[in-house]
Amino acid sequence: MGKQLRTEIIRTMSNSSQKRKIMSNSTALISAVSAVASLAASAMLIRSITKEFMPPEILDFFSSQIHYLSRQFSSQLTIIIEEFKGMSRNEVFEAAEVYLGTKATLSALRVKASKSEDDRKLAFSVDRDEEVSDDYEGVQVKWKLNCEIVESYGTRHFNDMNASLKSEVRSYELSFHKKHKEKIFNSYLPYVLETAKAIKQENMAVKLHTIEYDCYWNGQGVKFGHPMTFKTLAIDAELKREVVNDLDKFVKGKEFYKRTGKAWKRGYLLYGPPGTGKSSLIASMANYLNYDIYDLDLTIVHDNKDLKNLILGMSNRSILVIEDIDCTIKLQNREEEKEVDKNKDNKVTLSGLLNVIDGLWSCCGEERIIIFTTNHKEKLDPALLRPGRMDMHIHLSYCTFSAFKQLALNYLGISQHKLFEQIKGLLREGNVTPAEIAGELTKSADSRDPLQELVKFLHSKKMLQGKTIIDHNVNGEHELGGEK
């Protein structure tokens, strides 16, 4: 009985102690809240009195001094990058917008997605008031997009009645430690500009430009939808490697061309029989480099002046193509005195063409490729073919075995077959173009054994060519006999 009484007394005392602690804590909390409320009320009262009795100039002065002192003790430096510089867009802002799109999906909580008809893939950008972190060679930086709505009184927009009353002023804040100022100014910002340029170029769809009336390029051009790539291009495998390596060297050669004092351009002459893949090679080059194509038809160019204006109207990172240059207009050898007479209907001359592809005007653009195609290289003036104008001569001849294997993979999805060796021998013995092989594979694709059909075609082609050679020799002998 005494033991139970003691336990009850201890429990009662413990409960009383806990109640006193709770009451004490509650009293302290109430006192703290009262103090904060009193302080906030006092601050609001002081602020109201200050605004009421102190001139705005004095308030601005104190505010600026406080801001100045805080800046003196801060280790951070902030660069403001506004969207516009005068009436034109700020290139640094545009570059930051593109560059941060690749970073926003990693660190930002809100991002914007968009895609236009000319874009290859989705583009992301930073939403307003979002912060994005970046690391450059161990230096941590922070970007923030600021947007301020300002009043604007203009014409009302049909779909948005508020559009006439609002306008957005945007700017980026770039913040970093002061000790990294030189690296940010001299290295990081140029890196952002170059990276954004590469991103935009990679995402842009290839366009095909042709000449419209009055000798101007057709505006924005049309989307170039040719699917040919170097992966599917059916030409000799070794030649394909040489072309790709040469293109890679050209694209990376900016400093080389600058150091050697040469215009950053490269000329390619594609020659060979019809159907050997000249147009397909041009499409592969454009898709590989992501360069726009400018298709120049010399027959509708009035004179050398218009030709010069067309060249100046081309964008950088582009390909100028003149197909069948030996058939378009009569570009006679310069030694021939009758060049002007033969060109009465077209005043574009050989010297005018040489000037725009290799003269002073050729320097008014960067990263340009010039391609001439012809079925008869021997008909061209040697002045067109020298290095500096046509730097690489690419002979696209009849179908080789490596080109056939690519065609078999493209059309039939096979890389090995028991008839491959027989076909290899037949290709050596006859002249067959890749276009002819492709045509036969297309016709027999649904047959039980398409390669057997191709073997029959190659045999018939071989016999036909042999008969043609015999007939040609016989005719030649008859002509010689007649002369005797």
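The exercises below work through a predicted model of one protein, and each is followed by a solution in steps.

**Exercise 1. Describe the protein as a whole, and state how confident the predictor is in it.**

Solution. Begin with the secondary structure: the protein has 16 helices and 17 strands. Next, turn to burial, where buried residues account for 35% of the 484 residues. The surface that the protein exposes comes to about 30,800 Å², and carbon and sulfur atoms supply 55% of it. For the contacts, take those with a separation of 6 or more; 69% of them join residues that are 24 or more positions apart. Finally, consider confidence: the average pLDDT is 80, and 73% of the residues score at least 70. Residues 155-166 have a pLDDT below 50, and beyond near neighbours in sequence this stretch has 14 contacts in the model. Residues 469-474 also fall below 50, but that stretch has zero contacts beyond near neighbours in sequence.

**Exercise 2. Classify the aromatic pair of W143 and Y188, and find which parts of the chain the pair ties together.**

Solution. The whole structure contains 15 aromatic pairs. In the pair of W143 and Y188, the centres are 6.3 Å apart and the planes make an angle of 45 degrees. Planes under 30 degrees apart would count as stacked and planes over 60 as edge-to-face, so this pair is tilted. Now locate the two residues: W143 belongs to strand β7 (residues 139-150) and Y188 to helix α4 (residues 181-203), so the pair ties together parts that are 45 residues apart in sequence. As for burial, W143 counts as buried because its relative accessibility is 2%, and Y188 is buried with a relative accessible area of 0%. To finish, look beyond the pair: ring pairs link W143 and Y188 into a cluster with F93, Y99, Y136, Y172 and Y191.

**Exercise 3. Describe the surroundings of F250, starting from its aromatic partner W264.**

Solution. F250 and W264 form a tilted pair, 6.1 Å from centre to centre and with 50 degrees between the planes. F250 is in helix α5 (residues 237-251), whereas W264 is in the loop between α6 (254-260) and β13 (265-271), and the two residues are 14 apart in the chain. Both of these residues are buried; for F250 the relative accessibility is 2%. Then set aside the neighbours within four places in sequence, and the contacts of F250 that remain are Y257, W264, K265, R266, Y291, E367, R368 and I369. One of these, R368, is 118 residues from F250 in sequence, yet the C-alpha atoms of the two are 9.7 Å apart in space.

**Exercise 4. Follow the salt bridges of D358 to the two residues that form them with it.**

Solution. The structure holds 15 salt bridges. D358 forms one with K265, where the closest N and O atoms are 3.5 Å apart. K265 lies in strand β13 and D358 in helix α11 (residues 350-358), so that this bridge links parts of the chain 93 residues apart. D358 forms another with R389, and here the closest N and O atoms are 3.2 Å apart. Since R389 lies in the loop between α12 (382-385) and β17 (392-395), this second pair ties helix α11 to a part 31 residues away in sequence. Last comes accessibility: K265 is buried at 12%, R389 is buried at 13%, and D358 counts as partly exposed at 23%.

**Exercise 5. Decide whether N290 and D324 are buried or partly exposed, and say what sign their phi angles have.**

Solution. Recall first that most residues other than glycine have a negative phi. N290 is not a glycine, and its phi is positive, at about 60 degrees. D324 likewise has a positive phi, near 50 degrees. N290 is found in the loop between α7 (278-289) and β14 (292-295), and D324 in the loop between β15 (318-322) and α9 (325-328). The cut-off for burial is under 20% relative accessible area, so N290, at 11%, counts as buried. D324, at 32%, is partly exposed.

Terms used
Residues numbered from 1 in each chain as written. Predicted model: local features only at pLDDT ≥ 70, side-chain atom pairs only at ≥ 80, totals over all residues. Heavy atoms only, no water. Helix = DSSP H or I, 4+ residues; strand = E, 2+ residues; numbered from the N terminus. Buried < 20%, exposed > 50% of the residue type's maximum accessible area, 1.4 Å probe, protein only. Phe/Tyr/Trp six-rings, centres within 6.5 Å; stacked < 30°, edge-to-face > 60°. Contact = heavy atoms within 4.5 Å. pLDDT = per-residue confidence, 0-100. Areas by Shrake-Rupley, 256 points an atom, 1.4 Å probe, with all protein chains shown as cover. Salt bridge = Lys/Arg side-chain N within 4 Å of Asp/Glu carboxyl O.
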